[in-house]
Amino acid sequence: MTASTTRRTTAKSRIAAVGAIAVAGTLLLTACGDQTDSGSSSTDTNAKKNTAPLFSKLPKDIQDAGVIKVGTNAEYAPMESEAGGKIVGVDPDIAAALGKQLGVKFTFTSGSFEGLITALNSGRYNVAMSSITDNKQRQEGLDEKGKKLGEGVDFVDYFTAGTAVYVQKGNPKGVKSIEDLCGRTAAVQKGTTYEKALNTQSTKCKDEGKKAITIEAFENDTEAQTRVKSGGAVAGVNDYPVAIDLVRKADNGQAFEIVGEQYDAGPFGIAVSKKNTQLRDALKEAVDAIIKDGSYQKVLAKWGAETGAIDAAAINGGK
């Protein structure tokens, strides 16, 4: 879900495309946290019994429900992916740690990345957490040309990541950076900030008298990876932690490699409706709490994502 304009935005380290909501089934991940007593007839009694440090900071409806509903696109290991009938990864584990502070469960539902913000603002989810890049475009509900498309969202920033270019193992086409893609074909997931990064670079190519990049944008990242692996595209562009995980795991490390360093690093944020500032502020306190108690760092170490660590949460820190 990089710089405000080169990550998944939000949502792996994504642009503010507002598309049709295509939720592909529901998978639940239950965060570890203090539970309210579902057998009690009084939600006020339940709330009093919940001893989680930040439970009282939550909106009343979420206290009563005991659940924060999360929209995600579970195709971006190690940030979020499906395994063994569950959604696993950095984001679900961070949510589990947040759940301990807030005293509620986080339930994850996987669907279309492009539809996450629209679904959030329609009330389907309480938050969206899917390697979503926090940027002004998403905050204000704008398309890439600055046209108002819909409601914006607020972000609670919890991670940082840059853009990476990956190629076939051995780099047969000699790609060194995104600048080397002029006149070539590159694969990417549709509706992401790194799709925008490719479009920006393609414009630069033409301005320099070179051929434009042929950009093949797919509905999911797996299709983009397959296109690179088959040689149909000379490179793919993705969030740096996702690209690192892909390089390590695909064909036991024999399918891909990253060229150059990550660039345009920027924040990933938990997206929250602008109407729900109480939830937003409670989440910020919870992120700061797990950074302070060390559970945040343990999650990142578990998934090899330490390079994305932040020192403190921020609200709408993306540019």
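## A tour from helix H3 to the chain's later loops

Begin by selecting helix H3 and helix H9, where Ile94, Ala97, Leu98, Gln101 and Leu102 of H3 meet Ala282, Leu283, Ala286, Val287, Ala289, Ile290 and Asp293 of H9. Sorted by class, the residues of this contact of H3 with H9 are 10 nonpolar, one polar and one charged. Keep in mind throughout the tour that this is a predicted model.

Two packed helices are described by the angle between their axes and the distance between the axes. With H3 (residues 90-102) and H9 in view, the angle is about 105 degrees and the axes lie 9 Å apart, which makes H3 roughly perpendicular to H9, since angles of 65 to 115 degrees count as such.

Stay with H9 (residues 277-293) and add helix H10 (residues 295-302), which packs against H9 at an angle of about 80 degrees, with the two axes 4 Å apart. H9 and H10 are therefore also described as roughly perpendicular to each other. To see where they touch, select Ile290, Ile291 and Asp293 in H9 together with Ser295, Tyr296 and Gln297 in H10; the residues of this contact comprise three nonpolar, two polar and one charged. Ile290 and Asp293 deserve a second look, for these residues of H9 also appear in the contact with H3.

Next, move to the small group of strands S2, S3 and S4, three strands that form an open sheet in that order with antiparallel pairing. Strand S2 (75-76) and strand S4 (86-88) stand at the edges, and each has a single partner strand, so one side of each is left without a neighbour in the sheet. Between S2 and S3 there are two bridges, and if you select Tyr76 you will find that its bridge partner in S3 is Glu80.

Which residue should be picked out in the loop between S2 and S3? Choose Pro78, which lies in that loop, and look at the peptide bond leading to it from Ala77, which is cis, with omega near 5 degrees. Most residues other than glycine have a negative phi, and most peptide bonds are trans.

From the loop, step into strand S3 (residues 80-83) and select Ser81, which counts as buried at 17% relative accessibility, the cut-off being under 20%. Beyond its neighbours within four places in sequence, Ser81 is in contact with Ala74, Glu75, Lys86, Ile87 and Val88.

Now select strand S8 (residues 185-189) and strand S9 (residues 214-218), which run parallel and are joined by five bridges. Following the chain from S8 to S9 takes you through helix H6 (residues 193-207), and this β-α-β crossover is right-handed. Within the pairing, Val188 has Ala217 in S9 as its bridge partner.

Continue to strand S11 (residues 256-273), where Pro267 is found. Is Pro267 buried or exposed? Pro267 is buried, with a relative accessible area of 18%. Add Val156 to the selection, and you will see two residues that are 111 residues apart along the chain, yet whose C-alpha atoms are separated by 9.3 Å.

Finish with two asparagines. Asn252 sits in the loop between helix H8 (240-249) and S11, where it is exposed, with a relative accessible area of 73%, and it has a positive phi of about 55 degrees although it is not a glycine. The last stop, Asn316, is placed in the segment after strand S12 (314-315), and phi of Asn316 is likewise positive, near 55 degrees, in a residue other than glycine.

How values were computed: Residues numbered from 1 in each chain as written. Predicted model: local features only at pLDDT ≥ 70, side-chain atom pairs only at ≥ 80, totals over all residues. Heavy atoms only, no water. Pairing = 2+ DSSP bridges. Right-handed = clockwise from strand over helix to strand, strands pointing away. Axes fitted to C-alpha atoms, helices over the stretch in contact; angles between N-to-C directions. Parallel < 35°, antiparallel > 145°, perpendicular 65-115°, else oblique. Contact = heavy atoms within 4.5 Å. Nonpolar A, V, L, I, M, F, W, Y, C, P; charged D, E, K, R; others polar. Buried < 20%, exposed > 50% of the residue type's maximum accessible area, 1.4 Å probe, protein only.
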